[in-house]
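Hello,

Here is the structure I promised to pass on. Have a look first, and my notes follow underneath.

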Amino acid sequence: MEVLASDAERPKGMVHPHSVEIVSTRNQQPQNSRKKSFTVYTILIKWDEDNSWTVTRRFREFAELHSQLKKKMRDLHPLPSKTLLRDTSEEFTVQRKIDLEKMLKTFILMPAVVNSMEFRQFMEIIVNVPNGDDVGAPSCMETLQDGKFGIRDFVYDEDNQAIFTVTEEMPFISIADTFITNARMPWDSGTEGEAVPLGAINVWKQSAGGWKIACSEYSTRA
């Protein structure tokens with residue numbers, strides 16, 4: 001059985017920005033003059049040697065991106081803490097710039113983040129890179145084989161890096177072998193025979209040798 005995964009789930013061969021850097025900050029006055037000014041961060045994105053561009057974002061846009069990504073994936077770099085009162089002092093702005101840049105640098109190393117539409121829109125990848133709105137067509141991630149059962153369905157859990165498979169009844173010869181192996185003579189103690197497996201729910205985990213069954217729950221025929 002072939003398990004399909006999008007590029008977001010496939011770290012090998014992923015195309016991502018070469019580097020990101022917040023190169024400058026500035027205070028900007030909103031159109032409504034009665035509101036307080038806010039800080040704008042200019043991000044330099046270097047995609048490759050021949051392609052780079054800048055985007056400007058304010059902190060609440062970083063916060064919105066982080067919130068959107070957090071709904072889809074775990075173990076994200078934390079967002080710099082928010083403040084009750086808007087602080088545009090130089091000391092605060094410099095530290096927040098460092099923290100936001102560190103967050104972006106971890107993001108570009110995460111395949112699921114880089115290939116998310118939210119990140120590509122935030123970084124304007126979709127308008128600056130050919131096919132930048134392509135988040136990855138399904139491709140073969142792994143081929144799984146169950147020697148006892150036929151795999152009927154599967155679910156890939158990206159957060160836990162596990163595959164759950166639902167399998168069906170074994171071939172007749174395997175069922176017959178189970179009956180013979182577990183057959184009891186009248187003088188044998190214990191129950192008469194054991195249950196015959198009809199299928200199973202398996203949890204597959206990846207190891208150095210590929211995907212292996214970590215645990216199974218069997219459906220049986222008495």
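Let me start with one strand pair: S3 (residues 38-48) and S4 run antiparallel and are joined over eight bridges. Here strands are DSSP E runs of at least two residues and helices are H or I runs of at least four, both numbered from the N terminus, and two strands pair if DSSP finds at least two bridges between them. Within this pairing, Asp 48 has Asn 51 in S4 as its bridge partner.

A word on the source: this is a predicted model, where local features need pLDDT of at least 70, side-chain atom pairs count only at pLDDT 80 or more, and totals for chains, interfaces and linings use all residues. Residues are numbered from 1 along each chain as its sequence is written, and side-chain values use heavy atoms, with hydrogens and water left out.

S3 and S4 belong to an open, antiparallel sheet of three strands in the order S2-S3-S4. Strands S2 (19-28) and S4 (51-58) are at the edges with a single partner strand each, so one side of each has no neighbour in the sheet. From one strand to the next, the twist averages 20°.

Helix H1 (residues 59-70) packs on the sheet and touches S2, S3 and S4, its direction making about 100° with that of S4. Contact means heavy atoms within 4.5 Å; axes are lines fitted to C-alpha atoms, for helices over the stretch in contact, with angles from 0 to 180 degrees between N-to-C directions. Helix H2 (residues 90-107) also packs on the sheet, touching S2 and S3, at about 150° to the direction of S2.

Overall, the protein chain has six helices and nine strands.

Best wishes
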